[in-house]
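Please read these notes with the model open beside them. They are meant as a colleague's comments, point by point.

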Amino acid sequence: AADPPPGGLSTELGGQNAEMKTSFDSLRFAIALAVFLVYLVMAATFESFLHPFLVLFTIPLALVGVVAGLAATSTPITVIVLIGTVMLVGIVVNNAIVLLEVVESRRKEGAPVSQALEDAVARRIRPILLTTATTVAGLLPLAFSASTLWPPLALAMISGLLASTLLTLVVVPALYRVLMTTRALAETEQERSQPLTQSPTI
């Protein structure tokens with residue numbers, strides 16, 4: 001049996017492992033910062049602190065696609081994949097933004113929630129699908145390039161963008177409907193709970 005190491009001896013990772021850990025920590029911070037900045041911009045755009053959460057919900061939908069794409073192609077998670085994920089944060093929210101913008105516009109015109117959602121999807125589905133198709137087409141040369149650097153980035157972006165686009169057209173309208181229904185029920189309950197004021201009799 002080998003002799004045990006002397007007391008007081010410690011080990012630590014160095015070289016490429018240390019650099020990779022530093023890179024992953026930096027990219028995790030970059031993703032969190034990107035999400036925070038997107039939320040601030042959306043809060044200023046919609047003049048609401050609640051609607052931006054619907055927009056940000058497209059980011060987990062994109063991550064579902066990224067994970068599925070990496071798993072299907074047996075591609076490991078690398079720094080370049082995380083860079084592609086950071087880029088996705090600013091791209092996938094665009095579909096939800098243009099969708100909710102039409103919904104809010106129709107609501108201001110007096111349309112009910114269901115009609116506003118139907119009109120928004122009908123008006124924006126073609127531009128959303130065309131934008132996604134052109135973006136994916138532009139990334140395909142990188143995905144099939146002979147380089148070992150760019151294909152993982154392109155794969156992460158393509159799979160995340162496709163999943164986010166398809167799920168956004170279904171999940172975001174459903175969440176918006178649930179949110180507005182819950183708000184309406186809460187307002188109705190609050191009105192019922194308020195005591196009725198009676199005018200004094202003379």
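The points below take up salt bridges, helices, an aromatic pair and one loop residue.

1. Status of the model. This is a predicted model. Every value in this note should be read with that in mind.

2. Salt bridges overall. The search covered the whole structure and found three salt bridges. One stands in helix H1, and its partners are Asp-25 and Arg-28. Arg-106 takes part in the bridges to Glu-109 and to Asp-119.

3. The bridge in H1. Asp-25 and Arg-28 meet through their side chains, at 2.4 Å from N to O. What separates the two along the helix? They are three residues apart in H1, which runs over residues 16-46, and this means about one helical turn between them. Asp-25 is partly exposed, since its relative accessible area is 33%, and that value falls between the 20% and 50% cut-offs.

4. The network around Arg-106. Salt bridges link Arg-106, Glu-109 and Asp-119 in a network. For Arg-106 and Glu-109, the closest N and O atoms are 2.6 Å apart. For Asp-119 and Arg-106, the corresponding distance is 2.8 Å. The Asp-119 pair links distant parts of the chain: Asp-119 sits in helix H5 (residues 113-143), Arg-106 in helix H4 (residues 79-108), and they are 13 residues apart.

5. Burial within the network. Which of these residues are buried, and which are exposed? Arg-106 is buried, at 14% relative accessible area. Asp-119 is buried too, at 16%. Both values are under the 20% cut-off for buried. Glu-109 is exposed, because its 55% is over the 50% cut-off.

6. Packing of H4 and H5. How do the helices that hold Arg-106 and Asp-119 pack? The angle between H4 and H5 is about 150 degrees, and their axes are 8 Å apart. An angle over 145 degrees counts as roughly antiparallel, so H4 and H5 are roughly antiparallel to each other. H4 passes H5 in a right-handed crossing.

7. Length of H3. Helix H3 covers residues 58-73, which is 16 residues. What span should it have at 1.5 Å a residue? The expected value is 22 Å, and the end C-alpha atoms are 23 Å apart, so the two agree.

8. Burial in H3 and the residue after it. The buried residues of H3 include Thr-58, Ile-59, Leu-61 and Ala-62. Gly-65, Val-66, Gly-69 and Leu-70 are also buried there. Ser-74 follows H3. Its phi is positive, near 55 degrees.

9. The aromatic pair. The count comes to one aromatic pair. Tyr-39 and Phe-53 form it, with their ring centres 5.1 Å apart and 50 degrees between the planes. The pair is tilted, because 50 degrees is neither under 30 nor over 60. Tyr-39 in H1 and Phe-53 in helix H2 (residues 51-56) are 14 residues apart, and the pair links distant parts of the chain. Tyr-39 is buried, with a relative accessible area of 14%.

10. A loop residue. Where does Leu-149 lie? Leu-149 is in the loop between H5 and helix H6 (150-193). Leu-149 counts as partly exposed, at 42% relative accessibility. From Val-92, Leu-149 is 57 residues away in sequence and 23 Å away in space, C-alpha to C-alpha.

Notes
Residues are numbered from 1 along each chain as its sequence is written. This is a predicted model: local features need pLDDT of at least 70, side-chain atom pairs count only at pLDDT 80 or more; totals for chains, interfaces and linings use all residues. Side-chain values use heavy atoms; hydrogens and water are left out. A salt bridge is a side-chain nitrogen of Lys or Arg within 4 Å of a carboxyl oxygen of Asp or Glu. Helices (H or I, at least four residues) and strands (E, at least two) are DSSP runs, numbered from the N terminus. Buried means under 20% relative accessible area, exposed over 50%, partly exposed in between (1.4 Å probe, protein chains only). The expected span of a helix is 1.5 Å times one less than its number of residues. Rings of Phe, Tyr and Trp (its six-membered ring) pair if their centres lie within 6.5 Å; planes under 30 degrees apart count as stacked, over 60 as edge-to-face and the rest as tilted. Axes are lines fitted to C-alpha atoms, for helices over the stretch in contact, and angles run from 0 to 180 degrees between N-to-C directions. Angles under 35 degrees count as roughly parallel, over 145 as roughly antiparallel, 65 to 115 as roughly perpendicular and the rest as oblique. A crossing is left-handed if the near helix is turned anticlockwise from the far one by less than a right angle, and right-handed if clockwise.
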